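Open the model in your viewer and keep the sequence beside it. The stops below tell you what to select and what to look for.

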Amino acid sequence: MTPQTDNQHISLQTKASYGLGALGKDFACSIIYIFLMYYYTDVVGLSAAFVGGLFLVARVIDAFTDPMMGMIVDNTRTRFGKFRPWILIGTLVNSAVLLMVFSAHNFEGTSAYVYATITYILWGVTYTIMDIPYWSMIPSLSSKREEREHLVVWPRIFASIAWTVMGGYGLYAVGLLGDGNEGNGFFYLCIGIILSFIASALITFFQVKEKVELKISSDKFNAGDVKKIIGGNDQLKSLIGFVLSFNIAIQLIGGFAIYYFTYAIGREDLFPMFSLVSGVAEFSGIFLFPWIARVVDRRLMWPMACGFPILCSIVLFAGSVIAPESAILVGIAGASLKFGNGLFNGLSTVMLADVVDYGEKKTGLRSESIIFSVQTMLVKGAGALAGFLIGFGLTMIGYVPNEVQSAETIFGLKVLMILIPAILVMLSAVIYKKTYRLDEQRLKQAAAGTISIA
């Protein structure tokens, strides 16, 4: 084995250490994406429409701050590399802000609205400091597609564990820790999350080292370079389109689920079961991704990933008609949703690494962090748009917190939970088919010099 080939191999220790970094990180963001809407509307007492608008405004701010953070990371030169220092700094700062976010129940009236606005916007900005360098490390650990495909399984599995535990046991933990006071319960739960967040970041900081350091240019990026790197990469724009559509759909289902099962079905206990089954299925999808990628043509992988959430919507619709309280149908729906999401998580991360390579050919500039800042922006953007649609949708259908809902409201919940996400997933498949061309066959041909993809 040549030194270059050996340099491209990622050890088991590195994979596990990198993956563990996602455990605490995703505990810290899953509580936001799963429960913050509920916390703001049903615990703090903010209006759903206001919360939806806040989520959207915060992401508009991120559209500027995320690429700038990517530029800052790519301009960083330290003896610890350019990624790890920011992972640690961002973790510490974001941990403090997370605790502030879930202190909003201590305020009332106008003060609560102002406090929630400031702290939530701060949360988005500080999460960026840590998340962008974390994912940006992938191309620097190996340039081999196979190694990257096996690497991304690890953080996605640990992230899936975090989301499964939070979705399945989050409300139970809130009730237990708060002793009936949900506000205090969320606050104390955040303290536990912060401890795991910092511990996992330390593991990544000390155990994961960049390998492809020789590719780092001594030149520093400026705002014009950021515009060129993002604006001049047509495949990045394609990826933004189909990833954003898919992500909004998944987050809509996740955000509406607690309202859907509690008020439309009348079985609040089905929500944690839905979350647990979903988490196990997502874990399976992520774990199987490298092996599925070996036997399934890359051009078919995205349509396959899209097919499972659509199946989820079909099962939920059929269940709402013939057996609304069927735990079996709910479990099948949850498994379908997150198995597809598991494939999506693995595939989209590898695609971003491909887009980094493609962008270097197309623009002459290589920037892992600026390109991967788009992933952070997409996740937060999808969450914001989903949150806006949830808040706006709940207001439009006449939702009243902690009350029995009208027949019209229940029908509206079904439309928002089942129909809208299915349409968005189909849109994602169409955008992919029409615009994306960095499939495996074309990349191999480009590497062999038989075609040009740039």
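Select Phe50 to begin: with a relative accessibility of 27%, Phe50 is partly exposed. The model you are looking at is predicted. Phe50 belongs to helix 3, which covers residues 48-74. Show its contacts. Beyond the residues up to four places away in sequence, Phe50 touches Tyr113 and Thr117. Now add Gly383. The two are 333 residues apart in sequence, and their C-alpha atoms lie 15 Å apart in space.

**Into the core**

Next, select Tyr40. Setting aside neighbours within four places in sequence, Tyr40 is in contact with Gly45, Leu46, Val51, Leu54 and Phe55, among others. Its contacts also include Val101, Ala104, Ala116, Thr119 and Tyr120. Which residues have the most contacts inside the largest nonpolar core? They are Ile31 and Tyr40, and this core has 132 residues. Helix 10 provides the largest share of the core, 18 residues.

Move to Tyr18, in helix 2. Is Tyr18 buried or exposed? Tyr18 is buried, at 0% relative accessibility. Display what surrounds it. Leaving out neighbours within four places in sequence, Tyr18 contacts Tyr134, Trp135, Met137 and Ile138, among others. Leu151, Pro155, Thr204 and Val208 are also in contact with Tyr18. Then pick Gln207. It sits 189 residues from Tyr18 along the chain, yet the two C-alpha atoms are separated by 7.8 Å.

**The largest cavity**

Turn on cavity display. There are four cavities of 30 Å³ or more. Go to the largest, which holds about 700 Å³ of space. Select Trp163, Asn247, Glu282, Lys338 and Asn341: of the 39 lining residues, these are the closest to the centre of the largest cavity.

Colour the helices around this cavity. Helix 2 (12-44), helix 5 (109-136), helix 7 (145-178) and helix 10 (234-264) are among those that each supply at least two lining residues. Helix 11 (270-295), helix 13 (327-363) and helix 14 (368-396) also each supply at least two. Which helix gives the largest share of the lining? Helix 10 does, with eight residues.

Now colour the lining by class. The largest cavity is lined by 19 nonpolar, 14 polar and six charged residues.

**The second largest cavity**

Shift to the second largest cavity, with a volume of about 160 Å³. Its lining has 17 residues, and the closest to its centre are Tyr33, Met37, Phe55, Gly383 and Gly387. Gly383 is the residue you paired with Phe50 at the opening stop.

Helix 2, helix 10 and helix 14 each give at least two residues to the lining of the second largest cavity. Helix 2 gives the most, seven residues. How many charged residues are in this lining? There are no charged residues; the lining has 13 nonpolar and four polar residues.

**Cysteines**

Select the cysteines next. How many disulfides does a search of the whole structure find? It finds zero. Take Cys190 and draw a distance to Cys29, which has the closest cysteine sulfur. The two sulfurs are 12 Å apart, so they are too far from each other for a bond. Cys312 is in no disulfide either; its nearest cysteine sulfur is that of Cys306, 13 Å away. Check the surroundings of both. Cys190 is buried at 0% relative accessibility. Cys312 is likewise buried, at 0%.

**Helix 15**

Pick Ala422, in helix 15 (residues 407-435). Ala422 has a relative accessible area of 10%, and counts as buried. Outside the residues up to four places away in sequence, Ala422 touches Ile310 and Ser313. Add Pro309 to the selection. Ala422 and Pro309 are 113 residues apart along the chain, with 7.1 Å between their C-alpha atoms.

**Last stop: a loop**

Finish at Asp179, in the loop between helix 7 and helix 8 (182-207). Is Asp179 buried or exposed? Asp179 is exposed, with a relative accessible area of 72%. Now look at its backbone. Asp179 has a positive phi of about 50°, although it is not a glycine. Most residues other than glycine have a negative phi.

Methods:
Residues numbered from 1 in each chain as written. Predicted model: local features only at pLDDT ≥ 70, side-chain atom pairs only at ≥ 80, totals over all residues. Heavy atoms only, no water. Disulfide = S-S within 2.5 Å. Buried < 20%, exposed > 50% of the residue type's maximum accessible area, 1.4 Å probe, protein only. 1 Å grid on protein atoms, 1.4 Å probe; cavity = no way out; pocket = protein on both sides within 12 Å on 5 of 7 lines; lining within 4 Å. Points joined across faces, edges and corners; volume = space filled by probe spheres on them. Helix = DSSP H or I, 4+ residues; strand = E, 2+ residues; numbered from the N terminus. Nonpolar A, V, L, I, M, F, W, Y, C, P; charged D, E, K, R; others polar. Core = buried A, V, L, I, M, F, W, Y, C linked by side-chain atoms within 4.5 Å. Contact = heavy atoms within 4.5 Å.
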